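Trainee: I keep running into labels in structure write-ups without seeing how they were earned. Could you take me through a few and show the reasoning?

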Amino acid sequence: MNPSRLPLLGLIALLLTACAGLPLPPEAAAAPTPTTQTLTPQTLAPQATPTLSPEPPQSILNVCAGSEPADLFIYNEASTVKRIILAAIYDGPIDYVNYGYQPVILEKLPSLADGDALIEPYTARQGDQVMDSAGNLAVLEPGLVVRPAGCRSTECAVAYEGGDFQMDRLRVVFHLRQDVLWQDGEPVKAWDSVFSYRVASDPETLFGGSGLASGSASSLLFTANYSALDDFTVQWTGVPGFLDPNYPLDFFSPLPEHILTIYTLSDLLASNEALYQPRAWGAYQVVSWEAGEAIVLEPNPFYFRQAEGLPHFDQVVFHFIGGDTEANIASLQPGLCDLILPDALPEALELSMLEMVSAGTARLHPDHEPVFEYLVFDIAPADPAIPPLFADARARQALALCLDRTTLTDAVYASFVPALLQPLPVGDPLLAGASLTIFDSSPAEGMALLDEIGWRGSDGSGIRQASNVLGVPDGTPLQFTLTSTDAPLRDQVGRWITFQLQACGMSVTVSQFPAHELLAQTPEALLSGRRFDLAEISSPLGVESLCALAGTAEISSEANGWSGTNLSGYSNPDFDAACAAARVSLPGTPEYTTSRQEVLRIFSQDIPLLPLFVQTRFLLAVPGLSGLDLPGGLQAFESFRLEP
C-alpha cells in the first residue's frame, strides 16, 4: 500500500524511523539536530518589555521563532522570521497565491492585452545602454550584435553599424489604489515607489531585487527608467531589447519618501527608521523591539482594510526562543506559543509533532520554499576517467522508474507534501494541456530498461554489470556515489535512495560535503567541476530555472570559470531552442504558454534532472488559530485569528 494514502496515525511508525533516518537498512545513522544562531539588532530601545504569559488575553497572538532577524529593511537579506514580520506590516504590494500573482495595493496587474503594457519601437543611438542578442547589458557600439525591432531570436540579430537603430522597448504602467495609507496617515504614493527604486538601484544596496515581487535581479539591472506619471501612477521602462517576462511585477515596493528622504543612502542603511522600526501600510506596525527577546506589533490605525474588521489581534508578539527544538515543541500552548515558526522546529517532521496533531492539540501547516529538491545526473563528466553511467537517457529513465518518490517524500514529510513527479507542482497553470512524460515508480520497467541498455545480471553480488554499454567498459559494476551537501535532510533522502535502487541492482554510496566545497569555482570541485556520478541539490522552481540548469550555454566548464549552473553537461539543441523562445515570450501571449510547455515536454522526456519534492518546512500552531489555511498562507497574516 502506498504510504501517502494512509491516515496520519498509520504514518507515525514510518515517521518515527524516517525522522531519525532510513528504517532500512538497520545500520543507517540518525540525522543530527540542526542548530540556530540568535541575532541581535544593533540599536533600538523598546517601548515595552513583552513577557511570556500562560494566560494572555485572546487578542494577543504569541509567535515563537528560533532566531531574531538582523533587521526589518526590505533591501537586506531576509530570514524566515523577517519574511513573516514583513508580511504582517506590509500587505503586498503583490502576493503570490495559487501559482499566480495578485495585486494588493495596485488596482490591477498590467497586461499587454489591456494596453497598460506596451512593446514599442525605439530609436537607439550609439552610446545607449541596450540588451544585446546574448542577453547582456551593453553599450551600443559598432559591431555589437543586437536584435532589431520585431526580432525575437538570434537568427534575425544583426551587427550594429552606427547611427539610428530601431529596437523594441517595453513600457509598463502601474496604478496604485488611492486608499492605502502609511501608518502616520499619509497616502502611499507613486513617489514612494520611485524612491524605493532609487534605493534598490544604488550600488550600496545589497539585495535590490528584493523590492520586486519576482525578486528578479535582471528586472532591476535592465530597468532604463522608473518614474511617477502622477501621484498614483508609476511607469517602468526597460532598456531597448529587453522584453521582461516578469513585466507585470516590475513595481517596486514603496518606502516612505516623506520620512526617509532626509537621509543619505549610507545613513539610511544604518538608521533605526529603516532597519528596526520601518513605517509601513499593512495590518500591523512595529511598536517595540527588545534585543534578544521580542518584537511587538500592534494594529496600524490607518490600515486600508479596517472596514473588513481586520486585523483581529490587539497585539502580535514575536518571541525569540532559540534552537532547542524539543523544548520549542513543548512550548506550543495557548498564550505561550500560539504559533511556532519553522526555524524553531526540526528540519524534518518528528514523532512528537505528529502525536500532537493526532491528539488534536496542534496543527501542522506547510511553509513551502520556492525551490525544489532534485537529483542531477553527470551526463558528460569533465573528467574522462569517470565513466558516463547516465549518458544514455534510458539509464536516467530507469533510475526514475526504480525510485518510489512518493514513499521517499512521505518518509520525510508524511502526507503533508506530495512528491514532485513533474518539473512543476501539480496545480501550476503551465501543466494544463502540457504533454509530459512521467516516470512514476515501476521497478519492473526500470529493470527492463537497464537490460535493454546492457546493464545485465550480476556475478552473484546483486549488482548489475556493463555489457556493451556505450562509453562504459564491459564488466563495470553499476555502482556509483550520490554526492550532496551535508544538510540532515539530504542524508535522510540519500539513505532512502540507496535502499530503493538496491532492488534494481544498483549500488549507491552516499557522500556528503559542505556546499562551498562542492560548488567552488575550480575544476577540482565535485559538482561545479562535473566530477560526480549522481548528486542531490536544490534550485528555484520555474521554467526559467530549468533552462539555466540544463541549457548548453550554462554548462559549467573552464570557459566560464566553472561557474555555470548546468552541472550535468546535458546538451540538446531542441531544448535550447525551446528555452530561447520562452525567454522572449511575454505573459498574455499564446507563445508564453506554448514555449514553456515545450521546455517542460523535452525536459520530462530527457530528465537531465529528476525532481523529488518542493522543499518544505512546517509551522506548528494551536488548534484554534485560523487563517493559515487561506490561499495566501503567511501572506494573509492580517486574517489570522484565534477561535475559542
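Mentor: Sure, and let's begin with burial: a residue is buried under 20% relative accessible area, exposed over 50%, and partly exposed in between. Keep in mind that this is a predicted model.

Trainee: Why is R641 called partly exposed?

Mentor: R641 has a relative accessible area of 37%. Partly exposed is the label between the 20% and 50% cut-offs, so R641 gets that label at 37%. E643 is handled in the same manner: it is partly exposed at 39% relative accessibility.

Trainee: What makes E643 and R641 a salt bridge?

Mentor: Their closest N and O atoms are 3.5 Å apart. The cut-off is within 4 Å, so the E643 and R641 pair counts as a salt bridge at 3.5 Å. In general, side chains of opposite charge can pair when their charged atoms come close.

Trainee: Which residues do shared salt-bridge partners join into one network?

Mentor: D91, R305, E308 and E638. By the same rule, the count for the model comes to 24 salt bridges.

Trainee: How do you know that D629 and R363 tie together parts far along the sequence?

Mentor: Start with the bridge itself: the side chains of D629 and R363 meet at 2.3 Å, N to O. D629 sits in the loop between β23 (625-626) and β24 (641-642), while R363 belongs to strand β16 (residues 363-377), so the pair ties together parts that are 266 residues apart in sequence. As for accessibility, D629 is exposed at 56%, and R363 is partly exposed at 26%.

Trainee: And what makes E273 and R279 a salt bridge?

Mentor: Their N to O distance is 3.6 Å. That is within the 4 Å limit, so the pair of E273 and R279 counts. E273 is partly exposed at 23%, and so is R279, at 27%.

Trainee: On to the rings. How many aromatic pairs are there?

Mentor: The count comes to 25 aromatic pairs. In one of them, the rings of Y413 and F618 have centres 6.0 Å apart and planes at 55°.

Trainee: Why is the Y413 and F618 pair called tilted?

Mentor: Planes under 30 degrees apart would be stacked and over 60 edge-to-face, with the rest tilted. At 55°, the Y413 and F618 planes are therefore tilted. This pair also links distant parts of the chain: Y413 is in helix α11 (residues 405-413) and F618 in strand β22 (residues 609-621), 205 residues apart. Y413 is buried with a relative accessible area of 1%, and F618 is buried with 5%.

Trainee: What makes Y570 and F575 edge-to-face?

Mentor: Their planes are at 75°, with ring centres 5.8 Å apart, so the pair is edge-to-face. Y570 is buried at 4%, and F575 is buried at 0%. Ring pairs can also join up, as in the cluster of Y284, F318, F637 and F640.

Trainee: How do you know that the length of helix α17 agrees with its residue count?

Mentor: Helix α17 (residues 590-606) has 17 residues, which should span 24 Å at 1.5 Å a residue, and its end C-alpha atoms are 25 Å apart, which agrees. Its buried residues are S595, R596, Q597, V599, L600, I602, F603, S604 and D606.

Trainee: What covers the buried residues of α17?

Mentor: The cover includes α10 (393-402), α15 (543-550), α16 (573-583) and β22. Just after α17, I607 takes a positive phi of about 35°.

Trainee: What makes the phi of N468 worth a look?

Mentor: Its phi is near 65°, a positive value in a residue other than glycine. N468 is in the loop between β18 (465-466) and β19 (479-485), and it is exposed, with a relative accessible area of 65%. R530 has a positive phi of about 50° although it is not a glycine. R530 is in the loop between α14 (515-518) and β21 (534-540), and at 10% relative accessibility it counts as buried.

Trainee: Last one: which peptide bonds are cis?

Mentor: Among them are G92 to P93, with omega near 10°, and L310 to P311, with omega near -5°. P93 is found in the loop between α2 (80-89) and β2 (94-97). P311 lies in the loop between β13 (294-299) and β14 (315-320).

Terms used. Residues numbered from 1 in each chain as written. Predicted model: local features only at pLDDT ≥ 70, side-chain atom pairs only at ≥ 80, totals over all residues. Heavy atoms only, no water. Phe/Tyr/Trp six-rings, centres within 6.5 Å; stacked < 30°, edge-to-face > 60°. Helix = DSSP H or I, 4+ residues; strand = E, 2+ residues; numbered from the N terminus. Buried < 20%, exposed > 50% of the residue type's maximum accessible area, 1.4 Å probe, protein only. Expected span 1.5 Å × (residues − 1). Contact = heavy atoms within 4.5 Å.
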